[in-house]
Every structure is written in C-alpha cells, then in structure tokens.
Amino acid sequence: MKNAILIATLTGLVSTSALALGTTGLEKSVPLADGQTVHIFENGKMGMEGRYGQPVFMASGASMKAADGRVITMVGNETARVGSLLQTTP
Ligand SMILES: [Cu+2]
C-alpha cells in the first residue's frame, strides 16, 4: 500500500516536469563570446538573449562565436519565444 502511494507520487513529479519542458521547448543555452546567450529549442530553432537578460534580434543565418570558441550559425530568430522563456525563468 505504501509503495503504491510512493509510485503515484513519483509519477506525478515526472509528468509535471515533462509539462514544464514541453511549455518552453528549450533544449540548451550556449553562452557567447560577446556576453550574449543563444537559446536552442528542441526543433533546432534559436533565439538570442542579450547581456541584460532581454530578447535580442539576430537574423537567421548570422554567425555567432560561442564562449568556448565554436562558431554557431543562427537558425531562425525566436525573439518572442525567448521573451516568454525569460518570463518563466526567474
Ligand atoms: Cu544568434
């Protein structure tokens, strides 16, 4: 009986975090050499965050230099998505 309750609780936790992931769709965030951040979403599209935590416009196809020296090519320009991401992340 105790085990059944524990499993129900764990299942609840898993579905809650899956929902949170589904709403932002963020796959990873990469810091850039110039202090900005590129957010890469699960569909491969990207959006920029400026140095002051604001969404920034960057044309699709533009090159960015990551803080670790890699060159990343901008795919998409998801400013609105970055805006909602920044509102949900404290
Ligand atoms: Cu960019």
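Helices and strands here are DSSP runs, with at least four residues for a helix and at least two for a strand, numbered from the N terminus. The model is predicted.

**Whole chain.** Show the protein chain as a cartoon: two helices and six strands should appear. Follow the cartoon from the N terminus, and the order of elements reads α-β-β-β-β-β-β-α. The chain has 90 residues, of which 11% count as buried. Among contacts with a separation of 6 or more, 43% are between residues 24 or more positions apart.

**The hairpin of β1 and β2.** Select residues 26-31, which form strand β1, and residues 37-41, which form strand β2. How many bridges join strand β1 to strand β2? There are five, and the two strands run antiparallel. Within this pair, look at Val30, which has Val38 of β2 opposite. Five residues lie between the strands of the hairpin, and Gly35 has a positive phi near 95°.

**The core.** Keep Val38 selected and add Met46, Met48, Val82 and Leu85; these five residues make up the largest nonpolar core. Which elements give two or more residues to this core? They are β3, at 46-49, and α2, at 79-88. In soluble globular proteins, nonpolar side chains tend to be buried together.

**Around Met46.** Finish by centring the view on Met46. Leaving aside residues up to four places away in sequence, Met46 touches Val38, His39 and Ile40 on one stretch of the chain numbering, and Met74, Val75, Gly76 and Glu78 on another. Val38 therefore appears at several stops: opposite Val30, in the largest nonpolar core, and in contact with Met46.

How values were computed:
Residues numbered from 1 in each chain as written. Predicted model: local features only at pLDDT ≥ 70, side-chain atom pairs only at ≥ 80, totals over all residues. Core = buried A, V, L, I, M, F, W, Y, C linked by C-beta atoms within 7 Å. Buried ≥ 20, exposed ≤ 12 C-beta atoms within 10 Å, placed from the backbone. Contact = placed C-beta atoms within 7 Å. Pairing = 2+ DSSP bridges.
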